[in-house]
Amino acid sequence: VLFRSTNRRNPGPDGKSRACCATKDAEKLRATVKAEAAKRFAGQSVRVNASGCLDACNEGIAAVCYSASGGQWQVNLASTPESAEILLRTIEEALEG
């Protein structure tokens, strides 16, 4: 299971905007990864879900991947074309481990 933060934060008490995954195209990235994972991992138990805040917004788009055996991988990404492939490789690692 891959959880991708699509969290949208409200401005802080000072009225300034705060870093959040939604402003970094997180929803578009989740949709891309979900569609590709459905093709690449057809017949395997793979889910790509949205999540709330994973508390890593300042470091990039946050994602966490859990394997059936209990392994966990946390990934923070920039919004780049390579980000989807990084997440798909993370899913592959989770399936193997």
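Two residues are in contact when heavy atoms of each lie within 4.5 Å. In this predicted model, residues 24 or more positions apart account for 60% of the contacts with a separation of 6 or more.

**View 1. The whole chain, a β-α-β-β-β-α pattern along the sequence.** The chain holds two helices and four strands. Its radius of gyration is 14 Å, close to the 13 Å that the globule rule gives for 97 residues, so the chain is as compact as a globular protein of that length. Taken along the principal axes, the box filled by the C-alpha atoms is roughly 50 × 25 × 15 Å. The accessible surface comes to about 5,700 Å², and carbon and sulfur atoms make up 47% of that surface. Of the 97 residues, 36% count as buried.

**View 2. Strand β1 and its two pairings, with β2 and with β3.** Strand β1 covers residues 2–5, and strand β2 covers residues 48–51. These two strands run parallel and are joined over four bridges. At one of the bridges L2 has V48 of β2 as its partner, and at another S5 is matched with S51 of β2. Strand β3, residues 61–66, pairs with β1 in the antiparallel sense, over three bridges. On this side L2 stands opposite C65. L2 can therefore be followed in both directions, to V48 in β2 and to C65 in β3.

**View 3. The crossover from β1 to β2 by way of helix α1.** Helix α1 is formed by residues 26–40. Together with β1 and β2, this helix makes a β-α-β unit of the right-handed kind. The two strands of the unit are the parallel pair of View 2. D25 is found in the loop between β1 and α1. The phi of D25 is positive, about 65°, although this residue is not a glycine. With 43% relative accessibility, D25 counts as partly exposed, because that value falls between the 20% limit for buried and the 50% limit for exposed.

**View 4. D55 in the loop between β2 and β3.** D55 also has a positive phi, about 60°, and is not a glycine. At 65% relative accessibility, D55 counts as exposed, since the value is over 50%.

**View 5. The largest nonpolar core, made up of 21 residues.** The residues with the most contacts inside this core are L2, L29, V33, L87 and I91. At least two core residues come from each of α1, β3, β4 (72–77) and α2. Helix α2 gives the most, five residues. Which residues does L87 touch, not counting those up to four places away in sequence? They are L2, R4, L29, V33, A63, V75 and L77. Three of the residues with the most contacts inside the core, L2, L29 and V33, are thus also touched by L87.

**View 6. Two buried polar positions of helix α2, S83 and T90.** Helix α2 covers residues 82–96, and T90 has its place in this helix as well. S83 is buried, at 2% relative accessibility. Leaving aside neighbours within four places in sequence, S83 is in contact with L29, L77 and A78. T90 has a relative accessibility of 6% and is buried too, as both values are under 20%. Residues up to four places away again left out, T90 touches C65, W73 and V75. V75 is also touched by L87 of View 5, and C65 is the residue that L2 stands opposite in β3.

**View 7. A78 in the loop between β4 and α2.** Is A78 buried, partly exposed or exposed? With a relative accessible area of 49%, A78 is partly exposed; the cut-off for exposed is over 50%. A78 is one of the contacts of S83. A78 and C21 stand 57 residues apart in sequence, and the distance between their C-alpha atoms is 9.8 Å.

Conventions:
Residues are numbered from 1 along each chain as its sequence is written. This is a predicted model: local features need pLDDT of at least 70, side-chain atom pairs count only at pLDDT 80 or more; totals for chains, interfaces and linings use all residues. Side-chain values use heavy atoms; hydrogens and water are left out. A crossover is right-handed if, with the strands pointing away from the viewer, the path from the first strand over the helix to the second runs clockwise. The radius of gyration is taken over C-alpha atoms; the globule rule is 2.2 Å times the number of residues to the power 0.38. Buried means under 20% relative accessible area, exposed over 50%, partly exposed in between (1.4 Å probe, protein chains only). Accessible areas come from the Shrake-Rupley method with a 1.4 Å probe; for residues, only the protein chains shown count as cover. A nonpolar core is a set of buried Ala, Val, Leu, Ile, Met, Phe, Trp, Tyr and Cys residues joined through side-chain atoms within 4.5 Å.
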